[in-house]
Amino acid sequence: MVEQQPGAAVVVVAAGSGSRVGAGVNKVLLPLLGAPVLAWSVRTALAVDGVCRVVVVVRDGEQEAVAEALGPHLPLDPAPDAPEVVMVAGGATRHDSEWAALRALAADVEAGRVDVVAVHDGARPLAGPGLFAAVLDQAREHGGALPAVPVRGVVRRDGGALPATLVGVQTPQAFRADALLAAYAAAEADGFRGTDTAACVGWWGQRTGADVRIAAVPSTPRNLKVTFPEDLAVAARLATP
């Protein structure tokens, strides 16, 4: 019998709202070239080699709406070895939503079926499979990885120069699964809430002395986040062949 190799899990966080985009529904359910914004990230995650689990985190009460929106854009007859897609209810904050997803993955992590986890913002529909694969590979090698893009057009309040190496951080952010689970369990026990995945893992590394190295994977502004109404139009132009 061939021993099964551990795989990767992708968490797609979709528990936000459409307030700033001016929508009456969750912004990830808005259409982008014929498919909900959320479907783009889920389909991409399913296409990445080595991914065995995809966890979609939604606002409690929106499970049915998300399932109805997402269902038509998933494979009708997936192969027996296709990644499993599951849905979990998120929490009041992004951190709480990520913790809910990690609890859903805990059994797979502890059994060694999942060795690395990428956490992605469902409002970033244009992150391609190459970016997912790169952060997962770098996380396996270094412990963690995240996409970084040079920051342009930003000035300090006092007018001084900013470091040329200043970058903006995007998602997906990937980490070794055992460390990620330990970090969020410790944060839950201590009441810590991070602004993103890397913040929680960094806090845990400082608290425990764990050697957490986070590699920067080059990205581009194409991996935009849908926040305002014009972002949908920009995303559509960028995604059009």
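Ser 97 is buried in this predicted model, with a relative accessible area of 1%, which lies under the 20% taken as the limit for a buried residue. Ser 97 belongs to helix H3, which runs over residues 94-110, and once its neighbours within four places in sequence are left aside, the residues in contact with Ser 97 are Val 13, Ala 15, Val 57, Gly 90 and Gly 91.

From this single site one may turn to the chain as a whole, in which buried residues make up 46% of the 241 residues. The secondary structure consists of 7 helices and 10 strands, and the C-alpha trace spans about 60 × 45 × 35 Å along its principal axes. A compact globule of 241 residues would have a radius of gyration near 18 Å, and because the chain itself has 18 Å, the two values agree. If one considers contacts between residues at least 6 apart in sequence, 73% of them join residues at least 24 apart.

The outside of the chain can be described in similar terms: the accessible surface comes to about 12000 Å², and carbon and sulfur atoms account for 54% of that area. The chain carries 20 positive and 25 negative charges, and the mean positions of these two sets are 8 Å apart.

Helix H1 offers a further view of the interior. Of the 11 residues in this helix, which covers residues 37-47, 9 are buried, and the helix is therefore largely enclosed by the rest of the structure. The buried residues of H1 are Val 37, Leu 38, Ala 39, Trp 40, Ser 41, Val 42, Thr 44, Ala 45 and Leu 46. Ala 45 can be set against Gly 209, which is exposed with a relative accessible area of 61% and is found in the loop between H6 and strand S10 (213-218). Gly 209 and Ala 45 are separated by 164 residues in sequence and, from C-alpha to C-alpha, by 32 Å in space.

Helix H6 also takes part in the aromatic pairing, of which the structure holds 1 example. The ring centres of Phe 192 and Trp 203 are 4.5 Å apart and their planes meet at 5°, so the pair is stacked, given that planes under 30 degrees apart count as such. Phe 192 lies in the loop between helix H5 (177-190) and helix H6 (197-208), whereas Trp 203 lies in helix H6 itself, so the pair ties together parts that are 11 residues apart in sequence. As for their surroundings, Phe 192 is partly exposed, with a relative accessible area of 24%, while Trp 203, with a value of 17%, is buried.

Two features of the backbone remain, and both concern loops between strands. Most residues other than glycine have a negative phi, and most peptide bonds are trans. Leu 33, although it is not a glycine, has a positive phi of about 50°; this residue is placed in the loop between strand S2 (31-32) and strand S3 (35-36), and at 49% relative accessibility Leu 33 counts as partly exposed. The second feature is the peptide bond joining Thr 171 and Pro 172, which is cis, with omega about 15°; Pro 172 lies in the loop between strand S8 (167-169) and strand S9 (173-176).

Definitions and conventions:
Residues are numbered from 1 along each chain as its sequence is written. This is a predicted model: local features need pLDDT of at least 70, side-chain atom pairs count only at pLDDT 80 or more; totals for chains, interfaces and linings use all residues. Side-chain values use heavy atoms; hydrogens and water are left out. Helices (H or I, at least four residues) and strands (E, at least two) are DSSP runs, numbered from the N terminus. The radius of gyration is taken over C-alpha atoms; the globule rule is 2.2 Å times the number of residues to the power 0.38. Buried means under 20% relative accessible area, exposed over 50%, partly exposed in between (1.4 Å probe, protein chains only). Contact means heavy atoms within 4.5 Å. Accessible areas come from the Shrake-Rupley method with a 1.4 Å probe; for residues, only the protein chains shown count as cover. Lys and Arg count as positive and Asp and Glu as negative; His and the chain ends are not counted. The place of a charge is taken as NZ of Lys, CZ of Arg, CG of Asp or CD of Glu. Rings of Phe, Tyr and Trp (its six-membered ring) pair if their centres lie within 6.5 Å; planes under 30 degrees apart count as stacked, over 60 as edge-to-face and the rest as tilted.
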